[in-house]
Amino acid sequence: MRKHLKAKDIILIILILVVAAGAWLLHEVLKDTGSGVAVIRVDGVIEGTYPLTEDREISINGGSNTLRIRNGSAKMIDADCPDQLCVNQRAVSADNESIICLPNRVIVEIQSRQESEYDAVTN
Ligand SMILES: [Zn+2]
């Protein structure tokens, strides 16, 4: 009887592990599809949308600003604006975070992928 219970316990533990692994996998997958994009607007017009998963440097507004995407976050690394506030801003990576360069009218906003797809449909 005790042995039987033990076997049941082991099956239960295996089941819990399988469920936990499944939940972790699901979480990883959801996290992946939920990773954001950097939406670049110049004077209110979308100039480009770039996934944060791909490292790159982007020349904005004919070269007035340069955005770098690296390790899942976006940072303004160069700008010809006099205040340099955008360059001094922290890197952004979370949904709805933004970098704004007022003098050059450049706005970089992080959006979740689902939202940007939704925008594409409604626009
Ligand atoms: Zn600036």
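A residue is called buried when its relative accessible area is under 20%, exposed when over 50%, and partly exposed in between, using a 1.4 Å probe and protein chains only. By that yardstick Cys81, at 3% relative accessibility, is buried. Welcome to this predicted model, in which local features need pLDDT of at least 70 and side-chain atom pairs count only at pLDDT 80 or more, while totals for chains, interfaces and linings use all residues. Residues are numbered from 1 along each chain as its sequence is written, and side-chain values use heavy atoms, with hydrogens and water left out.

**The zinc site**

- Three cysteine sulfurs serve as the protein donors of the zinc ion: Cys81 (SG), Cys86 (SG) and Cys101 (SG), at 2.2 to 2.3 Å from it.
- Donors here are N, O and S atoms within 2.8 Å of the metal (3.2 Å for Na, K and Ca); water is not among the atoms, so sites may look incomplete.
- Along the sequence, the donor residues follow the spacing C-x4-C-x14-C.
- Cys86 joins Cys81 in being buried, with a relative accessibility of 1% for Cys86.
- Searching the whole structure for disulfides gives zero, a disulfide being a pair of cysteine sulfur atoms within 2.5 Å.

**The three-stranded sheet**

- Strands (E, at least two residues) and helices (H or I, at least four) are DSSP runs numbered from the N terminus, and two strands pair if DSSP finds at least two bridges between them.
- Three strands make an open antiparallel sheet in the order S3-S4-S5.
- Strand S3 (56–60) and strand S5 (73–79) are the edges, each with a single partner strand, so one side of each has no neighbour in the sheet.
- From one strand to the next, the twist averages 25°, where axes are lines fitted to C-alpha atoms (for helices over the stretch in contact) and angles run from 0 to 180 degrees between N-to-C directions.
- Strand S4 (residues 65–70) is joined to S5 by six bridges, and the two run antiparallel.
- Ile69 faces Ala74 in S5, and Leu67 has Met76 in S5 as its bridge partner.
- The hairpin of S4 and S5 has two residues between the strands, and there Asn71 takes a positive phi near 50°.

**The four-stranded sheet**

- Another open antiparallel sheet has four strands in the order S2-S1-S7-S6.
- Its edges are strand S2 (45–51) and strand S6 (98–101); each has a single partner strand, so one side of each is left without a neighbour in the sheet.
- The twist averages 20° from one strand to the next.
- Four bridges pair S6 with strand S7 (residues 106–112) in the antiparallel sense, and Ser98 has Glu109 in S7 as its bridge partner.
- Ser112 belongs to strand S7 and is buried, at a relative accessible area of 15%.
- Between Ser112 and Ala38 the C-alpha to C-alpha distance is 8.9 Å, although 74 residues separate them in sequence.

**Salt bridges**

- The whole structure holds four salt bridges, each a side-chain nitrogen of Lys or Arg within 4 Å of a carboxyl oxygen of Asp or Glu.
- One of them joins Glu109 and Arg41 (3.6 Å, N to O), linking strand S7 to strand S1 (residues 36–42) across 68 residues.
- Arg41 is partly exposed, with a relative accessible area of 21%.
- Another salt bridge joins Arg105 and Asp43 (3.3 Å, N to O).
- Arg105 sits in the loop between S6 and S7 and Asp43 in the loop between S1 and S2, so this pair ties together parts 62 residues apart in sequence.
- Arg105 is exposed at 53% relative accessibility, whereas Asp43 is partly exposed at 49%.
- Glu54 and Arg56 also meet in a salt bridge (2.8 Å, N to O).
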